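Q: I have a model open and want to learn to read its features one at a time. Where do we begin?

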Amino acid sequence: MRIAQVAPLAEAVPPKLYGGTERVVWWLTEALVDLGHDVALFASGDSVSSAKLIPCAPAGLRLCGVGDHTASTLAMLDQVFRSADQFDIIHFHVDLLQYPLFRGLAGKCVTTLHGRQDLPDNLPVFGAFPEMKLVSISDNQRTPIPHANFISTVYHGMPLQLIPVAEGGDYLAFIGRISPEKRPDRAIEIAKRAGMKLKIAAKVDRVDAAYFHEVIEPLIDGTQIEFINEVGDAEKAAFLGGARALLFPIDWPEPFGLVMIEAMAAGTPVIAWRNGSTPEVVEHGRSGYLVESIEEAVAAVHAAADLPRSGVRAAFDERFTSARMAEDYLHLYRSLTSSHPQPTMPLVLAAA
């Protein structure tokens, strides 16, 4: 198949540091190429891929200091539109700006929603563009918008060998983003009550800077509670693999939670609040524990020491590989093309 993957421009594909959506797009793109498909990746120019890279910005916009990505994204979407007849499927990962431009091509378009859907901001668009087909990354993500045009749920997946199973260690891990809804304060309290060291690897967005400096930073002593900033893929395997457990004490409807499957790949149990997607990802008592209080989380920390790491890894292998994700999406792509067949032509893209 001739497939276009349209990535956000916030980060490179794969990201240099933080960046969940771009990382998933990379894994999916590489898996589709491995399966023999003709894939074009619309992304920032510092991206690296086995697919045909179509650069739509010089580099990932966040690390370049660009705050508003709207103009760059619209320019990219125009570039995709001008080459749309060269694709059987156009797969968007940029939420909603493409809807007006691609409404007439809805039969060959699909959008994976990567973010939370419980806020009212985006609600009008689902009624205004009902022909645009959507994919959720968990069933829970759909709950606030049950009438949107979802055609499937596809769980994220990552390459089998990206993070090897490890023996674990004597600290707890928190990784991701410092923000009130991610609840790093809960993670700190759990570690203190459990008498264990906590290592926090996270980015601090400008919008969350005050929260970090006023609430979290005073709790970091550099000994029991250690803050080590963002980590990239090169450091992530060791960081997760060296932990006894990953703490995922969220206080919001997490759409998926990529770090949970990254920890599972390392054999590291996940201790997650029962919120959002976590009951769909974590198998309680096998790949980790679902909790609803600090007390339950502390008990889970101690129980995690006896949870077989090989079983945690097996749970990942069975459900969350990039090969499985690619096959799930190919099933959707084929169902769309069988309903709206396109003329066959080679994929030849001119530079912007």
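**Reading a buried tyrosine**

A: This is a predicted model. Start with one polar contact: a polar atom of the Y171 side chain lies 2.6 Å from the backbone oxygen of F239.

Q: Where is Y171 placed?

A: Y171 is in strand β8.

Q: Is Y171 buried or exposed?

A: Buried means under 20% relative accessible area. Y171 has 9%, so Y171 counts as buried.

Q: Which residues does Y171 touch, leaving out those up to four places away in sequence?

A: The list is M196, K197, K199, A238, F239, G242, A243, R244 and A245. F239 is thus on the contact list and supplies the backbone oxygen of the polar contact.

Q: How far apart are the C-alpha atoms of Y171 and Q224?

A: They are separated by 9.1 Å, with the two positions 53 residues apart along the chain counted as their spacing.

Q: How do I read a serine in a loop?

A: Ask the same things: place, burial, partners. S277 sits in the loop between β12 (270–273) and α9 (278–281). S277 has a relative accessible area of 0%, so S277 is buried.

Q: Which backbone oxygen lies 2.7 Å from a polar atom of the S277 side chain?

A: That of F256. F256 is also among the contacts of S277 beyond four places in sequence. The others in that list are S138, N140, E254, P255, G257 and M260.

Q: How should I read unusual backbone angles?

A: Know the background first. Most residues other than glycine have a negative phi, and most peptide bonds are trans. Then look for exceptions.

Q: Which residues does the cis peptide bond join?

A: V13 and P14, with omega about 0 degrees. P14 lies in the loop between β1 (2–6) and α1 (20–34).

Q: What is the phi of D95?

A: Near 75 degrees, a positive value in a residue other than glycine. D95 is in the loop between β4 (89–92) and α3 (99–102). D95 is partly exposed, at 30% relative accessible area.

Q: Where does R183 lie, and what is its phi?

A: R183 is in the loop between β8 and α5 (184–194). Its phi is positive too, near 55 degrees.

Q: How do I read the helix that comes next?

A: Start from helix geometry. An α-helix has 3.6 residues a turn, so residues three or four places apart point the same way. Then look at the buried set.

Q: Which residues of α5 are buried?

A: P184, R186, A187, I188, I190, A191 and A194. After α5 comes G195, with a positive phi near 70 degrees.

Q: How do I read a cavity?

A: Take count, volume, lining and chemistry in turn. The model has one cavity of 30 Å³ or more. The volume of the largest cavity is about 50 Å³.

Q: Which residues line the largest cavity?

A: F174, I175, K182, L247, F248, P249, I250 and V259. Two elements give two or more residues to this lining: β8 (171–177) and β11 (243–248). By class, the lining has seven nonpolar residues, no polar ones and one charged.

Q: How does a pocket read by the same steps?

A: Take the second largest pocket, with a volume of about 170 Å³. Its lining is W27, E30, A31, D34, L35, P159, L160, T321, S322 and A323.

Q: Which element supplies the largest share of that lining?

A: α1, with four residues. Both α1 and α12 (322–339) supply at least two. The lining divides into six nonpolar, two polar and two charged residues.

Q: Is S322 buried or exposed?

A: S322 is buried, with a relative accessible area of 9%. S322 belongs to helix α12. Beyond four places in sequence, S322 touches W27, A31, G157, M158 and P159.

Q: How far should I trust all this?

A: Check pLDDT, the predictor's confidence. The protein chain averages 93, and 96% of the residues score at least 70.

Q: Where does pLDDT stay under 50?

A: Over residues 343–347. The model has 11 contacts beyond four places in sequence for that stretch.

Technical notes. Residues are numbered from 1 along each chain as its sequence is written. This is a predicted model: local features need pLDDT of at least 70, side-chain atom pairs count only at pLDDT 80 or more; totals for chains, interfaces and linings use all residues. Side-chain values use heavy atoms; hydrogens and water are left out. Buried means under 20% relative accessible area, exposed over 50%, partly exposed in between (1.4 Å probe, protein chains only). A polar contact is a pair of N or O atoms within 3.5 Å; within protein, one must be able to donate a hydrogen and the other to accept it, and residues adjacent in sequence count only if both atoms are side-chain atoms. Contact means heavy atoms within 4.5 Å. On a 1 Å grid over the protein atoms alone, a cavity is a set of points where a 1.4 Å probe fits but cannot get out, and a pocket is an open set with protein on both sides within 12 Å along at least five of seven lines; lining residues have an atom within 4 Å of a point. Grid points are joined across faces, edges and corners, and a volume is the space filled by probe spheres set on the points. Ala, Val, Leu, Ile, Met, Phe, Trp, Tyr, Cys and Pro count as nonpolar, Asp, Glu, Lys and Arg as charged, and the others, Gly among them, as polar. pLDDT is the predictor's confidence in each residue, from 0 to 100.
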